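Hi,

Here is the model I promised to pass on. Have a look at it first, and then my notes below should be easy to follow.

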Amino acid sequence: MVSESEEKEFMTDENSSLNGFRWRLFNADERFVQTVCQKYNLPDIIAKIINSRKITFEQTETYISPQIKNLLPSPFILKDMDKAVERIVRAIESGEAIGIFGDYDVDGATSSAILYKFLYDVGVKNIQIFIPDRQNDGYGLNSDGLKKLMNAGCSLVVAVDCGITGFDAVDMANQMDLDIVIADHHEAEVGVPNAVAVVDPKRVDDDSGLTYLAACGVVFLLTVAINKTLRERGFYKNKGIAEPDLFSYLDLVALGTVCDVVPLVGVNRAFVSVGIKVMARRQNIGLKSLCDVSGVSTSPSVYHLGYVLGPRINAGGRVGNSSIAAQLLTTRNPLTADNLAQKLNNFNLERKDIEATVLEKAFSKVTAEIKPDDNFIFVSGKNWHTGVIGIIAGRLKERYNLPTCVATIDDNGVANGSGRSIPEIDLGSAIIKAKELGILTEGGGHSMAAGFTLRVEKIDEFKKFLHDYIESSTKSQKIIPVLKIDSVIDITGINADLIKKLQILEPFGTANEEPRFAILNAKLTGSDAIGGGNIRCYFSSDNGKSISAICYKSVDTPVGEVLLSEVGERFKLAGKIRANSWNGKNYIQFIIDDIAKI
């Protein structure tokens, strides 16, 4: 059944929105809504939101009940998966030492840990993990790291969450008779490195349709394929060992999937939905310690993965020791886990201090330099901390809703940068193209995030390239941010029953965003700044029903200034509805994304 729904402009004048958004309301296909409500006994509002996610009638059941058995594809539909499995199985059967070369972010750490745990569970005696240091080694597969793994006795290295642009490193490995298998998910060039196998759903010649996977998802499929092959060859029976419980790795898959901000569609929904339940069992000793030190005492949610655990795992690679996260996620010693988790927590506190300093400098520069017709932001500074420039790029992107690149320039005139994008612009493809043109010396990433390196004298050329690329992508139209509204609601309709119904749609994330509602007439009855740049406020409807609301990081913004100064006025509100608790009391809160004066 094909939906006939559409979106229509809801508030077309972006100037009436204090954040400059154009609100767009989703008009549901009533035939779809009625059919889904009847078949699945769902309330009308939930069926409308499912429709807004472009879910077909045939996909509805797996959407509202994402299960691995129904959504897991055959791993062998990925290009080169058969070659990767054959080489790794041969290494397992012959007792070779296997190296894992991972990236220093959450996706890299979880990918490394998944593969390590699987290899350990099937009896591999010598497994070495190498995570490059962000400050000294840079991003991606490199010769020095491969040499270290080879010196540790490895004859095979599996590169996870990196490697797709590692042409020179793979060529060097080939000269040393070191076999390389790549399991990546980043944007690929037309050609791929000359490795034994290159498994990446974004290969030009891969038609699996799994481009939405994070690297941890690719690696999980790799373990599924290896496990199947070992079973078929009688490996477990001959060795007298039990097959690994692959489901026990799904907590790591969920964590990497959420933190790499990939679309929560297809099997990714099942990875996260099931993985959160696995994490709640607290079987991974490292994750248990990290939850304890982070204060996560309840069953974890997507929020905990993305905003509590993820930043701490990332902190090691940003400001501390990049290998600590992978050590934490693979250790079997509770005391070691507690120690490593505490180190990551301390690194995260340090990261916050560094981030605040660099963010202030970056905002000052952008404020002084930005022009009304700019279609991207590029800001750089001398010796800014490499570990926080990606976060800074994200903050600036959120503030200005423009593709943003932030670079730090070292004493040798080399600029290392990180970029964050908006849905309209595929930044990963832009970076790959700039590298192919010789503007960048290194670069890679995916549509929403990328990293790059260039000489300082090439910065102006790179800026011109970005300007022209974005002009072409947008057909020279001004980028006006759109705020998608799933449904209009009155304050009287916001209650605990609605919160419970919305849980049917979880997990939320990229491509399955938390539903956003519009309230068309709300009176501001009180407001105050509560720290962290946040504003707490209260609104009421004409019949006297009130609701608590919060607008995050809004002090010193147009929205914040109005909320703090115009108590008694009426507004349109756009935002999300969440359950919250404080001092043992449960209440419902409206999370403000934007407001407009009536």
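Right after helix α17 comes N401, with a positive phi near 50°. This is a predicted model, so local features were taken only at pLDDT of at least 70 and side-chain atom pairs only at pLDDT 80 or more, while totals for chains, interfaces and linings use all residues. Residues are numbered from 1 along each chain as its sequence is written, and side-chain values use heavy atoms, with hydrogens and water left out. Helices (H or I, at least four residues) and strands (E, at least two) are DSSP runs, numbered from the N terminus.

Back to α17 itself: residues 389-400 make up its 12 residues, and from first C-alpha to last the helix reaches 16 Å. That is close to the 16 Å expected at 1.5 Å a residue, where the expected span is 1.5 Å times one less than the number of residues. Its buried residues are I389, G390, I391, I392, A393, G394, L396 and K397; buried means under 20% relative accessible area, exposed over 50%, and partly exposed in between (1.4 Å probe, protein chains only). What do they pack against? Two helices, α14 (302-319) and α16 (334-369), plus the strands β8 (377-382), β9 (404-409) and β10 (414-420), with contact meaning heavy atoms within 4.5 Å.

Those strands lead on to the sheet. It is an open one of 5 strands in the order β8-β9-β10-β12-β11, with mixed pairing; two strands pair if DSSP finds at least two bridges between them. β8 and β11 (442-446) are at the edges with a single partner strand each, so each has one side without a neighbour in the sheet. From one strand to the next, the twist averages 15°. β9 and β10 are antiparallel over 6 bridges, and T408 sits opposite N416 in β10.

Two helices pack on this sheet. α18 (residues 427-436) touches β10, β11 and β12 (449-455), and its direction makes about 160° with that of β11. α19 (residues 459-474) touches β8, β9, β10 and β12, at about 145° to the direction of β12. For these angles, axes are lines fitted to C-alpha atoms (for helices, over the stretch in contact), and the angles run from 0 to 180 degrees between N-to-C directions.

Further along, take a look at β17 (residues 546-551). Of its 6 residues, 5 are buried, so the strand is largely enclosed by the rest of the structure. It pairs with β16 (residues 534-540) in the antiparallel sense over 6 bridges, and C551 is the bridge partner of I535. β16 and β17 form a hairpin with 5 residues between them, and G544 in the turn has a positive phi of about 95°. β17 also runs parallel to β19 (residues 585-597), joined by 3 bridges, with I550 opposite I591 in β19.

On to charges. Searching the whole structure gives 27 salt bridges, each being a side-chain nitrogen of Lys or Arg within 4 Å of a carboxyl oxygen of Asp or Glu. A few to check:

- R87 and E96 meet at 2.9 Å, N to O, and both residues are buried.
- E232 and K228 meet at 2.4 Å, N to O. They are 4 residues apart in helix α9 (residues 215-232), about one helical turn. E232 is exposed at 55% relative accessible area, whereas K228 is partly exposed at 35%.
- D593 and R516 meet at 2.8 Å, N to O. D593 is in β19 and R516 in the loop between α20 (496-502) and β15 (517-531), so the pair ties together parts 77 residues apart in sequence. R516 counts as buried, at 16% relative accessibility.
- D80, K83, R203 and D205 are joined into one network by salt bridges that share partners.

Last one: where is N284? It is in the loop between α12 (267-280) and α13 (285-294), and counts as buried at 6% relative accessibility. The N284 side chain reaches the backbone nitrogen of L287 at 3.0 Å, and one of its polar atoms lies 3.3 Å from the backbone oxygen of L329. Leaving out residues up to four places away in sequence, N284 touches K117, D251, L252, L328 and L329.

Cheers

Methods: A polar contact is a pair of N or O atoms within 3.5 Å; within protein, one must be able to donate a hydrogen and the other to accept it, and residues adjacent in sequence count only if both atoms are side-chain atoms.
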